[in-house]
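Me: I should like to learn how to read the features of a structure such as this one. Could we begin with burial and proceed from there?

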Amino acid sequence: MSERTHTSRVQGSGAAGSGLVDVHRRPATWTGLWYVLPFLAFYLLFLVWPAIVGLGYTFTDRSLAGGPVSFIGLDNWNETFTDRALYESLWNTLVFTVLSVPVMVLLALGLALLTDHARRLGWFLRFSFFAPFVLPVAVMALMWEWMYNPSLGLFNGILGRLGFEGSEWLFSENTAMASVVIATAWWQVGFNYLLYLAAMQSIPKDVYEAAAIDGAGAWQRIGRITLPLLFRTTVLITILQLIGSLRVFEQIYLMTGGGPNFATRTVIQYIYDSGFVGLRIGLASSMAYVFMVLIIIASVAQFRLFSRKEA
Amino acid sequence: MRDASNRPSLSPPPPAHGVERRALLTAVLTTAAVTAAGCGTYDPLASDRTRLRQWNLFGGGDGLRMLQMHEAYQAEHTDVDFRATTFEWGAPFYTKVAMGAAGGRGADIATVHVSRLESLAPGRLLDPIDPSALAEAGIDETMFLPNIWKECFFEGRLYAIPLDTHLLVQFYNLDVCREVGLLDSRDRLIPLDGKDTYVDALREIKAATGGFGLSLDTWGPWSNFWALYRQQDGELVFGEDDFEMDDDKALAAMEFLYRLSEEGLSPRVSQGADTSANLANGRSGLMIHGNWEMTTLDATDVSFSVTQFPNVFGNHRTRGDSHCYVFPHQRDRDPERTRAALDYAAWMLRHSLSWSEGAGHVPAYLPVAESQEYDQLHPQSEYREAAENVQFEPEAWFSGSAGRLQDEATGPLTALHQGTRTPEEALRQLKRTFHAMTNAPAPV
């Protein structure tokens, strides 16, 4: 995302620059190519090429520890499709996604509406809702681990004082995933929030004024104007969030290590375990390919679904 | 307005400006070079010094001690340009060692767990050590316990030089145990041999503390399980595509761990740090943990002592491992640097009293372990005999500290403590994982 914006900006200023110096001599299309070349080179070298090489690895017993490599046909693919632990980790990823996407989209919308309607505390709300987003994942994970700590943590402390029995949070198979979702929402909702807020503030004020003159109340204005005009933003946010949630790894790896008893081991961690702890890069590559295809299917399906609605 | 602000940045900078910038750049680079040289790496005699690079995984209290030992080593060996690099403990470290060696550009010498030897493909990722060259550095097999020395071999060749043995021991809170009457006249824990005696004692402690009897790491339970399984002579042998395990003995060990948490004698959930905290703040009277936790407890004001792993099934066998020196594979191994590496290892062994003092590890080098100075180290010498009771990990490429087996076994065993799996269920899950791992082709 950020790379794309960046490139287009470079391209834009580049075109303006060449326009100032010599408008007629060079065709604009070729100039553009030169500007994207650095990015393109990196893209080909570090994304496209490894992806192709990785596909080749899936047919070999290549190990991260080197050694002779031999062609083993579809063995890795067979193992991938029959690995029970892989399905369990895919399930965990799905659970995380299903829990986190609605929370992260609706919460962002709610917070943005709140900020948009706040007269005085706008700056404070913007700061509070977005601030956690800039924290590095390790800091966030450590903070929440302490707050969740069953014997010394903040949450059980408060619950205890209120006379409730505490929870085991990250340490119980039943609550670990939900705990991670809560922490993730706090940490990452700021980005979606910002997109929503920007979209809301770009809705022309005169539309609201006209509606108000026609007698629309505050709730009607939100329901009939704000939400419909935010549809495209919602599509974007939901797709980005879906992909982001499916790729979840860092915070879970840091907070639970995939436990307790693998209740939070997501597919990315399982691929990591197979490749970097188990050293089997060939197998890990075929798992990664399976997962990549699933992500593409999910994104395309979602995109189709939304664009049909819009039409 | 916009044009005015844009134009200067788009047009080429005026020449004068450029010269200034170039001068600045030169100045910066020169400063950087001078600063880098000032960091102690630059030496007019650098070319005459032997370059020695060491990799290790000690980030905790023992890391600090190793740093001090390295400073002393460097001070005594001005002819060696020695540099040590510490990586994050566990899988990240082993991945780096394996990949560095796979490219033939590993460090000159590295510390690894002896239990990970097989996972590092001795012969390909590790270069063998010549026993006669080691003897020239003053080290030979008579200076180690046979059970540890044996672990350093793979297919008949020597690949490791053991620095220490580190193992699970039993810590006890002196105040709590005195109150319950579990100390003798010299403040030592009285023998609590056998499962029933031991559990009775835990009940008494629990009654006194109102918390737990025994604090243990339920988040890294494989070691506890392995010690208890080995106390019953349980064997775990991994073959080509199958494995042998004694179900009854495994169940007995699991049953014991399960009961501890079920009865509230031990916590349901306890990570490494919580485990020591529970002993230090008197919430439990006994603790099973690695000897390295001594540095953590030393930092608190609890009065404690240490003894062997509890005798539950008729003996004090415990799970242990050994930090050892290995030579990661180098395509062009330089004899001079290899000799320097051997000398360095020998120096560290001869000075391992300091290692033991700072990290609680039992020196592998017998001249130190049997010395009078070590005898006077308290509480380290209290569990010196435990080194003979050490049970190393089963042999397999996925076995060993921070290895795949430990990772996978952690799941069902933590669930035992949490009460979400019965011993039978946990054993089924464990065996299913073992099956999967033995069936997988070995990547090393």
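Reply: A residue is called buried if 20 or more other C-beta atoms lie within 10 Å of its own. The model shown here is predicted. In it, the buried residues of helix 9 of chain B are B:Trp222, B:Ser223, B:Asn224, B:Phe225, B:Trp226, B:Ala227, B:Leu228, B:Tyr229, B:Arg230 and B:Gln231.

Me: Why is helix 9 of chain B said to be largely enclosed by the rest of the structure?

Reply: Helix 9 spans residues 222–231, and 10 of its 10 residues are buried, so it is largely enclosed. Just after this helix, B:Asp233 takes a positive phi of about 65°. For chain B as a whole, buried residues make up 45% of the 444 residues.

Me: How is burial read for a single residue, and how many other C-beta atoms lie within 10 Å of B:Leu260?

Reply: The count is compared with the cut-off of 20. B:Leu260 has 23 other C-beta atoms within 10 Å and is therefore buried. B:Leu260 belongs to helix 10 of chain B, residues 247–262.

Me: Which residues does B:Leu260 touch, not counting residues up to four places away in sequence?

Reply: B:Leu260 touches B:Leu214, B:Leu265 and B:Ser266 on that count. Separation in sequence and distance in space may also be set side by side: B:Leu260 and B:Phe212 are 48 residues apart in sequence, and their C-alpha atoms are 9.5 Å apart. Across chain B, among contacts between residues at least 6 apart in sequence, 78% join residues at least 24 apart.

Me: How should a strand be read, and which residues lie on each side of strand 14 of chain B?

Reply: In a regular strand the side chains alternate between the two faces of the sheet. In strand 14 of chain B, residues 318–321, B:Thr318 and B:Gly320 are on one side, with B:Arg319 and B:Asp321 on the other. All four are buried, and both faces of the strand are thus covered.

Me: Which strands pair with strand 14 of chain B, and is each pairing parallel or antiparallel?

Reply: Strand 8 of chain B, residues 164–173, pairs with strand 14 in the antiparallel sense over two bridges. Within strand 14, B:Asp321 stands opposite B:His166. Strand 17 of chain B, residues 390–391, runs parallel to strand 14 and is joined to it by two bridges. There, B:Gln391 in strand 17 is the bridge partner of B:Arg319.

Me: What does the domain assignment give for chain B?

Reply: The assignment gives domain 1 as 46–163 + 322–390 and domain 2 as 167–320 + 403–439. The centres of these two domains of chain B, taken over C-alpha atoms, are separated by 29 Å. Their contact takes 14 residues from domain 1 and 16 residues from domain 2. On the domain 1 side there are five nonpolar, six polar and three charged residues.

Me: How many residues of chain B are in contact with chain A?

Reply: In chain B, 23 residues are in contact with 24 residues of chain A. Helix 17 of chain B gives the most to the chain B side, with eight residues. That side divides into 13 nonpolar, six polar and four charged residues.

Me: What confidence values accompany the model?

Reply: The mean pLDDT of chain B is 88, and 89% of its residues reach 70 or more. Over residues 1–19 of chain B, pLDDT stays under 50, and it also stays under 50 over residues 33–44 of chain B. For the complex, the predictor gives an ipTM of 0.75 and a pTM of 0.82.

Methods
Residues numbered from 1 in each chain as written. Chains lettered and ligands numbered in written order. Predicted model: local features only at pLDDT ≥ 70, side-chain atom pairs only at ≥ 80, totals over all residues. Contact = placed C-beta atoms within 7 Å. Nonpolar A, V, L, I, M, F, W, Y, C, P; charged D, E, K, R; others polar. Buried ≥ 20, exposed ≤ 12 C-beta atoms within 10 Å, placed from the backbone. Domains from an automatic or database assignment. Pairing = 2+ DSSP bridges. pLDDT = per-residue confidence, 0-100.
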